Amino acid sequence: MGTRRPTREAYGELAKAHDFYNRALFGGKLPQCLITLQRTKGSYGYLSGDQWASDDDRADEIALNPSHFATRDTKAVPSTLVHEMVHLQQHHFGKPGRGR
């Protein structure tokens with residue numbers, strides 16, 4: 001049996017990427033969220049706001065579809081993560097646009 005820890009490796013890298021982009025692009029203002037891997041047909045990823053609850057605390061979920069990881073270039077996965085982080089920003093701080 002090998003010493004690899006695929007769950008820890010995959011989710012650890014996604015958490016590091018989330019923290020990096022949160023600081024670099026959002027000034028560290030986004031709340032922490034749960035990042036999951038979900039095979040959702042026709043979707044690269046999605047945000048599900050306030051979906052994870054524990055007592056009175058709620059957390060948002062960013063789901064990424066691992067089916068597309070191998071078929072897209074290396075910039076595509078982080079791009080999808082950032083796209084969903086924009087939805088996270090909108091969920092918590094409102095959608096930018098006219099009158100805002």
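Right after helix H1, Gly27 takes a positive phi of about 65°. Keep in mind that you're looking at a predicted model. Its mean pLDDT is 89, and 94% of the residues reach 70 or more. Let's start with the helix that Gly27 follows, then move on to a pair of strands.

**Helix H1**
- H1 runs over residues 6–26, and its end C-alpha atoms sit 29 Å apart.
- That agrees with expectation, because 21 residues at 1.5 Å a residue should span 30 Å.
- Which residues of H1 are buried? They are Leu14, His18, Asn22 and Phe26.
- These four cover an arc of only 75° around the axis, so they end up on the same side of H1.
- Flip to the other side of H1 and you'll find Arg8, Lys16, Arg23 and Ala24, which are exposed.

**What H1 packs against**
- The buried residues of H1 pack against two strands, S1 (34–37) and S3 (57–64).
- They also pack against another helix, H2 (76–93).

**Strands S2 and S3**
- S2 and S3 pair up in the antiparallel sense, with 7 bridges between them.
- One of the pairings links Ser54 to its bridge partner in S3, Asp57.
- Together the two strands make a hairpin, with 2 residues between them.
- Asp55 lies in that turn and has a positive phi of about 55°.

**Where the predictor is more or less sure**
- Among the elements of the protein, H1 has the highest mean pLDDT, at 95.
- Strand S2 (residues 45–54) has the lowest, at 87.

Note on methods: Residues numbered from 1 in each chain as written. Predicted model: local features only at pLDDT ≥ 70, side-chain atom pairs only at ≥ 80, totals over all residues. Heavy atoms only, no water. Expected span 1.5 Å × (residues − 1). Buried < 20%, exposed > 50% of the residue type's maximum accessible area, 1.4 Å probe, protein only. Arc of directions from axis to C-beta. Contact = heavy atoms within 4.5 Å. pLDDT = per-residue confidence, 0-100. Pairing = 2+ DSSP bridges.
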